[in-house]
Amino acid sequence: MEKKYDEIREAVRKNYSKVVESYVSSAGCGCGDDSNNTCCSPTEPGSFYKISSDLGYSETELLKVPEGSNLGLGCGNPQAIAAIQKHETVLDLGSGAGFDVFLAANQLKNTGKVIGVDMTPTMISKARDNARNGNYTNVEFRLGEIENLPLADHCVDVVISNCVVNLSPEKQKVFNEVFRVLKSGGRIAISDVVATTVLPQKVLEDMAMYSSCISGASTIQELETILSEAGFENIRIQPKDESKAFIRDWAPEIPISEFIVSATIEAVKP
C-alpha cells in the first residue's frame, strides 16, 4: 500500500507542477495542464478571477493578493469560515502559490503568522516569489507532506485548506497531524469535496481523476469517523449543493456532480 500511496502523491505532485509551469509559460494567464479554464486576463469571463469569485471569494479579497498567487484552484473559500483573529498562527494545508496564505495574512494585518505547507517544490518556489513581490513579512512556506507536517506540536491556532485533503491517500494521518500541531482549543476550517455516493469504478481507477480532486473524495460519514478518531470535537460538515454548478465542469464527459459536492469541514481540538 505504501508504494501505491507514493504513486498517488507523485501523480498529484506532477499535475500541480504543470499548473505552475503552464502559468509561467503563458506569461501570467495561468491555465493548468488538464484544465478546462480559458486563458484570459483577470477581468474577462473564464479567468481565474471569475473562477475564484464563483468559489465564494469577494472582489476585495481577489484584488489584494500578489499577482500569480491565484491559480484558479480550489472548491470553496475557507477564509469565510475560519474567523481568523489578530495575533493567531494559521496553517494552510496544500498552500499552492500562496493565495489563501496571503488572504489570511491580510486578515492578521501584520500580526500573527501564516505558514503554508505544500509537497510540490515548484509551488513552494512560486509562493516564496509571490511573498517577496507582495512584501509579506508574516508568511512562511515549507516544503512537506500534509501527512507529515514540518511543524512542532501545539503551535497553530487554526488550520485552513482548500480542496487538498481529498488528494491524500492517508486522510487519517493528515488529521492526526493536524490535531498534533493545533493548540488546545484550536480549530480547522476546510473547504473540500465529499462523496455523496459510491464513485464509479472507472473514476476510482483513473489517476488523472484523483489528481483532479475527484476520486479521492471521502463520504461525510467517513470524514466524521476520521476526525473523531483523531480526537476532534464539534465536528460540522456542511455540503454545498450550489457547488455542483462548477463541479460539472471538472469532468464534462462524466456526470461527476452526481457523485461529489463541495463542503465546509469544521472541528475543534479540545
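Me: A salt bridge is a side-chain nitrogen of Lys or Arg within 4 Å of a carboxyl oxygen of Asp or Glu. Which residue forms a salt bridge with Lys 50?

Reply: This is a predicted model: local features need pLDDT (the predictor's confidence in each residue, from 0 to 100) of at least 70, side-chain atom pairs count only at pLDDT 80 or more, and totals for chains, interfaces and linings use all residues. Residues are numbered from 1 along each chain as its sequence is written, and side-chain values use heavy atoms, leaving out hydrogens and water. Lys 50 and its partner both lie in helix α2 (residues 48–54), 4 residues apart, about one turn of the helix. The closest N and O atoms are 3.0 Å apart, and the partner is Asp 54.

Me: How many residues of helix α5 are buried?

Reply: Helices are DSSP runs (H or I, at least four residues) numbered from the N terminus, and buried means under 20% relative accessible area (1.4 Å probe, protein chains only). The buried residues of α5 include Phe 99, Val 101 and Leu 108. Within residues 99–108, the number buried is 8.

Me: Which helix gives the most to the largest nonpolar core?

Reply: A nonpolar core is a set of buried Ala, Val, Leu, Ile, Met, Phe, Trp, Tyr and Cys residues joined through side-chain atoms within 4.5 Å. The largest has 54 residues, and Val 114 is among those with the most contacts inside it. With 7 residues, the helix that gives the most is α5.

Me: Which residue meets Arg 13 in a salt bridge?

Reply: Arg 13 is in helix α1 (residues 2–25), and its partner is 132 residues apart from it. The N to O distance is 4.0 Å, and the partner is Glu 145.

Technical notes. Buried < 20%, exposed > 50% of the residue type's maximum accessible area, 1.4 Å probe, protein only. Helix = DSSP H or I, 4+ residues; strand = E, 2+ residues; numbered from the N terminus.
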